[in-house]
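Biologist: Could you take one part of this model and go through it closely? I'd like the packing spelled out, with the cut-offs you used.

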Amino acid sequence: MDAATTLSRTRASLRGALACASRTLIGREAETVSETARFLVLRAALRTLGESHESDVSIPVQLADMPKTLSDELRSLAGAALLAQCDSDQPIAFRMGRMYQQLMEWTIGPDLKPFHIGRCERRAAGAFYTPIHLVDRVADLALTAFFDSDGTPNGIIRVCDPACGSGNFLARMSAKLSASGSEFRVEGCDIDPIACWVARSALTMDRVCSGDAIQIRCGDALVGTLDGCEHDPELASATGSLLLQWTDRHDIVIGNPPFLGQLARGTARTRSLAQYLRHASRGTITGYADSAAAFVWRAVMLCRPRGVIALIVPRSLLASRDAEPLRRFVEERADVLGIEPIDDVAFDAGVQPCVLLLRRSDKEAKVSTDAYSSCTWSMSNGATINRRTLDSAPTLSSICSATADFRDAYYGLAPFIMEDESGTLDESLFPRLITSGMIEPGRTLWGIKRCRIYKRFWLRPRVDLNALQADESMGAWARKRLVPKILVATQTKGIECVADETGRWLPITPVISVYPREGVPLTRIMRTLSSPQATLTASIMAQGTGMSASVFRLTARQIGQIPLSE
């Protein structure tokens, strides 16, 4: 059977299963129907494999009245979808997880008819399949680091995945620990009740560990009581999350938590959850840091002293401004054992990830030896590099300041951008808009190469300054930036910058603006940023924090830490 036929039959099977469920559940809310349909198909798929397990996970549907003919039809459809979608030699957790991920791309509309919605729901939930060889790689890193430490109290190894999905990481950790003869327990949780049901069923069917050694709970790992974290019941209740009470620390915390960027409305945290996390983390989780940052914070708190944390996280956590409080938090409470790039895997989430490997320190908070963090969070040589190895000469911060704009400026500019069709508009009234992709060393590609802004292409983008100044906040923003400056690109293999000598260009996120202090010529700043020493320093500080292991994503603060050239 060719790939096109297999895909066609899989989609037909999923569509048919949803249609069957919708005919059975007419009169229910559309959202309930959608969740129920997925549950019925998964339940039938497990039966197809020859065994059925009930679990204590609450599913919002009663199955007692389901006709036997429908049950048989669902079993047949689910079996066809399962066999078409998954390799038979993979563990059951991976096969069921892959099938459930496919089911998340279907829903039922107000007319109770199924239709394909694509990846939007999975993207909003951060639910993406982790390839089995990547799970094995992370599990091996975690176990190697763990067995190199002092062992475990009471001889029982406790493993936790705070965003377990269908249980892939728990299944592989169970298999590897069982093969080593270790005594262990696995615990996982997820906000999706159906994913929890799948994880529980798959782990039980694998028969690697007994039912007593498995605990899967439905709820938000980030919200609830945990020793060492603040918990405000009022704020927690306002989140609408199912709360979890954590009573034990774990030897290994592992997983691939959701990557949910905070710039897009569909993935941004709710205001109530943001308030709760800010309070619970004592200010560690704030601003626009990716949701994975919150899971790193929680993982550190869930881990016992000398325990190991191995998480797949987006590379933005290594250098972004809003993740800086998290990096300081981690350095105070854990040792960074390594940061490994993931470049050999086509990652389904569309984000450049890495593996963050930590060991929880013996003390609740280590004493910092200087005002700044002692690690550079670089993926160079697969590990962090101590900042004290950098040149101690005076830095750029002594002669200039650097600023990176963010969400408000990015969206605030949108109504005022226009295309200069002839290239003759007055720059004092219509300043050029400069993107990161336009910047090359010493020049810009404005008017030469098209760039993409707000989902369309521009050749000579300008800003209508008179219209912009009518907006009080954006007008003030523009006046501060329409001065002589250096513009620095991000996501580059070296430092790429250009001088705006007349002060008639406006940057758009994520371009970094560098402003000279009084009496300092732009040429001195350009000379430093263009020097080999600056590139070396950037390599040490931020190598691999961009879209690939060889790309920079410098922050404004890091630019200020570059040593001055002679």
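Modeller: Let's take helices α11 and α12, which are roughly parallel to each other (under 35 degrees; over 145 is roughly antiparallel, 65 to 115 roughly perpendicular, the rest oblique), because their axes cross at roughly 15 degrees. Those axes, of α11 (residues 291–302) and α12 (residues 324–333), come within 10 Å (lines fitted to C-alpha atoms over the stretch in contact, angles from 0 to 180 degrees between N-to-C directions). The crossing of α11 and α12 is left-handed (near helix turned anticlockwise from the far one by less than a right angle). On the α11 side, A293, V296, W297, V300 and M301 make the contact, meeting L326, F329, V330 and R333 of α12 (heavy atoms within 4.5 Å). By class, that contact has eight nonpolar, no polar and one charged residues (nonpolar: Ala, Val, Leu, Ile, Met, Phe, Trp, Tyr, Cys, Pro; charged: Asp, Glu, Lys, Arg; polar: the others, Gly among them).

This is a predicted model, where local features need pLDDT of at least 70 and side-chain atom pairs 80 or more, while totals for chains, interfaces and linings use all residues. Numbering starts from 1 along each chain as its sequence is written, and side-chain values use heavy atoms, leaving out hydrogens and water.

Now the strands. Helices (H or I, at least four residues) and strands (E, at least two) are DSSP runs numbered from the N terminus. In β9 (residues 353–360), eight of its eight residues are buried (under 20% relative accessible area, 1.4 Å probe, protein chains only; exposed is over 50%, partly exposed in between). Both faces are covered: P353, V355, L357 and R359 on one side, C354, L356, L358 and R360 on the other. β9 pairs antiparallel with β7 (residues 303–314) over seven bridges (pairing needs at least two in DSSP), and I309 has L358 as its bridge partner in β9. Seven bridges also join β9 to β8 (residues 334–341), again antiparallel, with P341 partnered by C354.
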